[in-house]
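The following exercises are intended for a reader who meets this structure for the first time. Each task is followed by a solution that proceeds step by step.

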Amino acid sequence: MTEENITRIDLDGKEIILIGTAHVSKQSVAQVKEVIDREQPDSVCIELDEQRYKSIMEGSKWRETDIFKVIKEKKATLLIMNLAISSFQNRLAKQFDTKPGQEMIQGIESAKEIGAELVLADRNIQITFSRIWGNVGVWGKAQLLTSIIYSIFNKETISEEELEKMKTQDTLNASLAEISEAFPKLKKPLIDERDQYLAQKIKEAPGKKVVAVLGAAHVPGITKEIHNDQDLQALTKTKPKSKTPQIIGWAIPVLIVALIAVTFFLNPSAGMDQAISWILWTGITAALGAAAALGHPLAILSAFLAAPITTLHPLLAAGWVSGIVQAYIKRPSVADFETLSEDVFSLKGFWRNKFTRVLLVIILTNIGGSFGTFIGGADVIRTFLNNL
């Protein structure tokens with residue numbers, strides 16, 4: 001077996017062997033097994049946190065998902081993005097007739113076979129997402145989401161040879177340079193900070209010989225960072241939420257209500273026109289969002305009725321109302337969870353599956369209501385200025 005994707009580090013008498021893998025490559029899976037069997041390490045580190053480890057080991061976990069709990073905890077957007085990213089990896093894995101994360105599963109199984117200690121070496125994925133989201137502005141978030149969605153539904157295939165080339169140093173560095181150029185604030189929490197976290201966890205792994213199974217993108221950074229002491233507590237802190245969005249969230253509805261009230265005082269007829277305009281713009285755009293998600297007629301109606309009120313309260317959202325109605329009328333069945341991994345391969349599947357349909361109703365209703373807030377708000381201001 002070639003040593004091409006293996007990096008050996010001697011750290012104060014401790015032998016550390018890094019295996020750089022491509023996450024959907026059969027060759028990577030075979031290499032992980034061969035190296036662990038041959039080296040007989042004391043510890044095996046894998047690029048997973050507790051959450052992803054459970055997700056990989058408990059394939060039927062989706063069946064236990066409570067859609068109403070998802071809505072209540074405001075996790076619809078996060079969940080659908082997780083599903084979308086997973087679908088991209090699943091599609092590649094299906095193309096190469098392997099399971100996504102199979103090299104990590106192989107690392108887990110091989111560690112168990114030889115009696116090595118298993119170390120979950122990666123940072124909690126929710127912390128990583130939080131630090132990524134906090135490091136990009138509104139435009140950056142839009143670009144990032146657009147880029148991810150495009151990559152998910154892009155039907156172009158790549159050869160396994162091209163996939164294997166991702167593990168070479170030159171191509172890897174070029175890829176990271178492209179990421180840094182497109183999203184300069186993304187690389188730090190996604191790659192650099194995790195390099196530091198992984199390096200420290202690998203360094204702290206028990207025993208004199210450690211094998212680490214890692215995505216190839218992390219190998220150069222870990223090779224550099226492992227010689228430094230890393231502060232894991234600092235790397236797992238999340239930024240406190242800014243109060244600015246909350247202030248703006250309350251300021252807009254207060255302003256809208258105040259302008260309508262003043263206009264009513266100056267010209268009751270114009271004030272009534274303002275109120276009707278606000279109801280129609282927010283209600284119609286939210287309903288259109290629910291309709292775009294192919295929501296049930298009652299979910300669409302509930303979006304229309306809820307939006308004029310929820311858009312005036314930062315802690316409420318029309319999407320939660322329409323989503324609950326959609327979930328109640330078209331509650332996802334066990335079959336929907338069983339076909340979820342296949343349905344998220346395509347846009348059609350996202351709309352066909354009852355579980356993802358509920359998520360889409362929530363998200364698109366909220367997006368529609370947001371557009372209505374800006375349009376209706378602008379019309380309220382226009383009417384107010386005309387009646388001064």
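**Exercise 1: Classifying isoleucine 300**

Task: Determine whether isoleucine 300 is buried, partly exposed or exposed, and state where it lies.

Solution. The model is a predicted one. Step 1: the relative accessibility of isoleucine 300 is 23%. Step 2: a residue is buried under 20% and exposed over 50%, with partly exposed in between. Step 3: isoleucine 300 therefore counts as partly exposed, because its relative accessibility is 23%. Step 4: isoleucine 300 belongs to helix H15. Step 5: when neighbours within four places in sequence are set aside, isoleucine 300 is in contact with Ala287, Ala290, Ala291 and Gly295. The C-alpha atoms of isoleucine 300 and alanine 287 are separated by 4.9 Å, although these residues are 13 residues apart along the chain.

**Exercise 2: Describing a helix pair**

Task: Describe how helix H14 and helix H15 pack, and classify the residues in their contact.

Solution. Step 1: two packed helices are described by the angle between their axes and the distance between the axes. Step 2: the axes of H14 (residues 268-292) and H15 (residues 297-310) cross at roughly 150° and come within 7 Å. Step 3: the crossing of H14 and H15 is right-handed. Step 4: the contact involves residues of H14 including Trp278, Ile284 and Ala287, and residues of H15 including Ile300, Phe304 and Pro308. Step 5: by class, this contact has 14 nonpolar, two polar and no charged residues.

**Exercise 3: Examining the largest nonpolar core**

Task: Identify which elements give two or more residues to the largest nonpolar core, and trace the contacts of isoleucine 222.

Solution. Step 1: the largest nonpolar core has 17 residues, and among those that touch the most other members are Ile16, Leu18, Cys45 and Ile222. Step 2: two or more residues each come from strand S1 (6-11), strand S2 (14-21), helix H10 (184-204), strand S5 (209-215) and helix H11 (219-225). Step 3: not counting residues up to four places away in sequence, isoleucine 222 touches Leu18, Asp195, Leu198, Ala199, Ile202 and Leu214. Step 4: a second, separate core has 15 residues, including Val32 and Met104.

**Exercise 4: Classifying glutamine 200**

Task: Decide whether glutamine 200 is buried or exposed, and list its contacts beyond four places in sequence.

Solution. Step 1: glutamine 200 is placed in helix H10. Step 2: its relative accessible area is 7%, so glutamine 200 is buried. Step 3: beyond its neighbours within four places in sequence, glutamine 200 contacts Asn228, Asp229, Gln230 and Leu232.

Key:
Residues are numbered from 1 along each chain as its sequence is written. This is a predicted model: local features need pLDDT of at least 70, side-chain atom pairs count only at pLDDT 80 or more; totals for chains, interfaces and linings use all residues. Side-chain values use heavy atoms; hydrogens and water are left out. A nonpolar core is a set of buried Ala, Val, Leu, Ile, Met, Phe, Trp, Tyr and Cys residues joined through side-chain atoms within 4.5 Å. Buried means under 20% relative accessible area, exposed over 50%, partly exposed in between (1.4 Å probe, protein chains only). Helices (H or I, at least four residues) and strands (E, at least two) are DSSP runs, numbered from the N terminus. Contact means heavy atoms within 4.5 Å. Axes are lines fitted to C-alpha atoms, for helices over the stretch in contact, and angles run from 0 to 180 degrees between N-to-C directions. A crossing is left-handed if the near helix is turned anticlockwise from the far one by less than a right angle, and right-handed if clockwise. Ala, Val, Leu, Ile, Met, Phe, Trp, Tyr, Cys and Pro count as nonpolar, Asp, Glu, Lys and Arg as charged, and the others, Gly among them, as polar.
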